[in-house]
Amino acid sequence: NSRGQATLDLLLRTADPYVVAQGGRDDIPWIETRPQNLVEVARRCRDQRDLDFKMLHCLLVVDYTEHLQAVYVLLSPVRGTKAMLKVNVPADEPKVPSITSLWGAADWYEREMHDLFGMEFEGHPNLSPLILYDGFEGYPGLKSFPFNDYEEF
């Protein structure tokens, strides 16, 4: 729709030259950036007055087997708009910088994604387990996790 397209146009202008892909459906556009540019792009999305993404609505990780994708869903409560910021990382080295300095809500989201997918959030103040117990082996969010071999105690 036109609102989604207008948001995408603003995202592209705001995040230039760090956008490597773009898209969207209906009213939720997305842009993709590289891990090394994540914090700068996220800061621009938060601070650019016409975007005003003051809220990190959620963070999720998608396992595409050959790579993992971190997806940050951003919300502007004032403007009533949403957008997604995506970052792809190799499955064998899933690292992105932490964005806890930009949004406090990232703290628990990053810890949860670390528990489930093994995603490392460099610079996070405390990646201790949030939903799994200390000593849990493996990452149950990954497609490769052997659920059939897991025994409850």
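1. Start with one strand pair in this predicted model. β3 and β4 (residues 67–76) pair in the antiparallel sense, over eight bridges. Leu56 stands opposite Leu74 in β4. Leu59 has Tyr72 in β4 as its bridge partner. In general, strands of a sheet pair through backbone hydrogen bonds, and the pairing is either parallel or antiparallel.

2. The link between the two strands is a hairpin. Three residues lie between β3 and β4. In that turn, Thr65 has a positive phi of about 70°.

3. Now look at the other neighbour of β4. β4 and β5 also run antiparallel, joined by 10 bridges. Ala70 has Val87 in β5 as its bridge partner. These strands form a hairpin too, with four residues between them. Here Gly80 takes a positive phi near 70°.

4. Next, the whole sheet. It is open and has five strands, in the order β1-β2-β5-β4-β3, with mixed pairing. The edge strands are β1 (21–25) and β3 (55–63), and each of them pairs on one side only. From one strand to the next, the twist averages 20°.

5. How many residues of β4 are buried? The count is 10 of its 10 residues. Side chains in a regular strand alternate between the two faces of the sheet. In β4, both faces are covered. One side holds His67, Gln69, Val71, Val73 and Leu75, all buried. The other side holds Leu68, Ala70, Tyr72, Leu74 and Ser76, and these are buried as well.

6. Which helices lie across β4? Helix α2 (residues 38–47) lies across β2 (28–33), β4 and β5 (81–90). Its direction is at about 180° to β5. Helix α3 (residues 106–117) lies across β3 and β4. Helix α3 runs at about 10° to β3.

7. Pick out one residue of helix α2: Leu38. Is Leu38 buried or exposed? Leu38 counts as buried because its relative accessibility is 0%, and the cut-off for buried is under 20%.

8. What is Leu38 in contact with, leaving aside its neighbours within four places in sequence? The list is Thr33, Tyr72, Leu85, Val87, Val96, Pro97 and Ile99. Two of these names have come up already. Tyr72 is the bridge partner of Leu59, and Val87 is the bridge partner of Ala70.

9. One last distance involves Leu38 and Pro146. The two are 108 residues apart in sequence. In space they are 31 Å apart, C-alpha to C-alpha.

Notes:
Residues are numbered from 1 along each chain as its sequence is written. This is a predicted model: local features need pLDDT of at least 70, side-chain atom pairs count only at pLDDT 80 or more; totals for chains, interfaces and linings use all residues. Side-chain values use heavy atoms; hydrogens and water are left out. Two strands pair if DSSP finds at least two bridges between them. Axes are lines fitted to C-alpha atoms, for helices over the stretch in contact, and angles run from 0 to 180 degrees between N-to-C directions. Contact means heavy atoms within 4.5 Å. Buried means under 20% relative accessible area, exposed over 50%, partly exposed in between (1.4 Å probe, protein chains only).
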